[in-house]
Amino acid sequence: MSQLKVNSIIPVAGVPTGGGGGIVQVVQKIKTSAWAASIGSSGTVPTGMYQTITTKTDSSKVLIFVNMTLLIDNSYNGSAFDLLRNSGTDNVTGGTQIFIGDADGSRTRRTMGLQGPVQDNHSFNGFSIGTQFVDTPGSAGAYTYFIKFFDDHSSNNYFYLNRGYNDSNDGVQPRSTSSMTLIEVSA
């Protein structure tokens with residue numbers, strides 16, 4: 001009877017046993033603190049909504065999972081967020097847009113528009129929102145992925161992350177969580 005050796009590869013139907021598709025590393029940023037800001041058309045990176053990964057090979061891919069608990073002021077028109085990538089560690093200045101919509105006329109290209117239903121009394125609306133994307137950064141090295149909020153219409157819309165609008169100290173104003181997870185996958 002043979003014994004299983006440590007680091008043995010056990011074939012599983014449909015799962016690669018060599019070559020590409022293996023998980024190299026997983027890094028995660030969890031944001032549990034509350035954040036709020038007035039957002040304009042130049043955009044704002046919310047505190048803590050970024051994560052750096054140092055890829056090991058030139059051919060690696062990075063699988064990105066973003067989850068946010070978000071509330072937006074009642075002026076939804078033009079509210080959006082982008083997923084961006086920069087070279088370097090904890091670098092959230094500038095950035096390259098990744099995973100954005102096609103160019104079409106004068107429409108702004110974003111990862112996700114945040115237009116949603118507003119009640120008749122113009123009350124604030126909250127929701128869980130996120131995105132997933134597989135990026136190919138192109139060479140081994142440190143890359144920072146981050147979220148940036150925009151308001152391309154009213155230029156002063158409030159965004160609230162992990163908290164409610166008035167944030168009063170009682171049980172009906174919960175604090176919540178957001179996260180960004182990066183998974184390096186071998187090509």
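A salt bridge is a side-chain nitrogen of Lys or Arg within 4 Å of a carboxyl oxygen of Asp or Glu. The exercises below concern a predicted model.

**Exercise 1.** Decide which contact between Asp104 and Arg107 meets this definition, and describe how accessible the two residues are.

*Solution.* Begin with the distance: the closest N and O atoms of Asp104 and Arg107 are 3.4 Å apart, and the limit is 4 Å, so the pair forms a salt bridge. Next, turn to accessibility, where residues over 50% are exposed and those under 20% are buried, with partly exposed in between. Asp104 has a relative accessibility of 45% and therefore counts as partly exposed, whereas Arg107, at 58%, counts as exposed.

**Exercise 2.** The structure holds three salt bridges; find where the partners of Arg110 and Asp135 lie in the chain, and state whether these residues are buried or exposed.

*Solution.* Take Arg110 to start with, which forms a salt bridge with Asp82 through N and O atoms that come to 3.0 Å at their closest. This pair links distant parts of the chain, since Arg110 sits in the loop between strand 6 and strand 7 while Asp82 belongs to strand 5, 28 residues apart. Both Arg110 and Asp82 are buried. Then take Asp135, whose salt bridge with Arg85 has its closest N and O atoms 2.6 Å apart. Here too distant parts of the chain are linked, with Asp135 in strand 8 and Arg85 in strand 5, 50 residues apart. Asp135 and Arg85 are likewise buried.

**Exercise 3.** Describe the surroundings of Thr144, starting from its place in the chain and ending with its contacts.

*Solution.* Thr144 is part of strand 9, which covers residues 141–151. Its relative accessibility is 0%, and therefore Thr144 counts as buried. Its side chain makes a polar contact of 2.7 Å with the side chain of Thr52, and a polar atom of the Thr144 side chain also lies 2.9 Å from the backbone nitrogen of Asp90. Leaving aside residues up to four places away in sequence, Thr144 touches several others, among them Tyr50, Leu84, Arg85, Gly88 and Val92.

**Exercise 4.** Work out how the confidence of the prediction varies along the protein.

*Solution.* Start from the average, a pLDDT of 83, with 80% of the residues scoring at least 70. Among the elements, strand 3 (residues 50–55) has the highest mean pLDDT, 98, and strand 7 (residues 112–113) the lowest, 81. Finally, over residues 1–17 the pLDDT stays under 50, and for this stretch the model has four contacts beyond four places in sequence.

Technical notes
Residues are numbered from 1 along each chain as its sequence is written. Side-chain values use heavy atoms; hydrogens and water are left out. pLDDT is the predictor's confidence in each residue, from 0 to 100. Helices (H or I, at least four residues) and strands (E, at least two) are DSSP runs, numbered from the N terminus. Contact means heavy atoms within 4.5 Å. Buried means under 20% relative accessible area, exposed over 50%, partly exposed in between (1.4 Å probe, protein chains only). A polar contact is a pair of N or O atoms within 3.5 Å; within protein, one must be able to donate a hydrogen and the other to accept it, and residues adjacent in sequence count only if both atoms are side-chain atoms.
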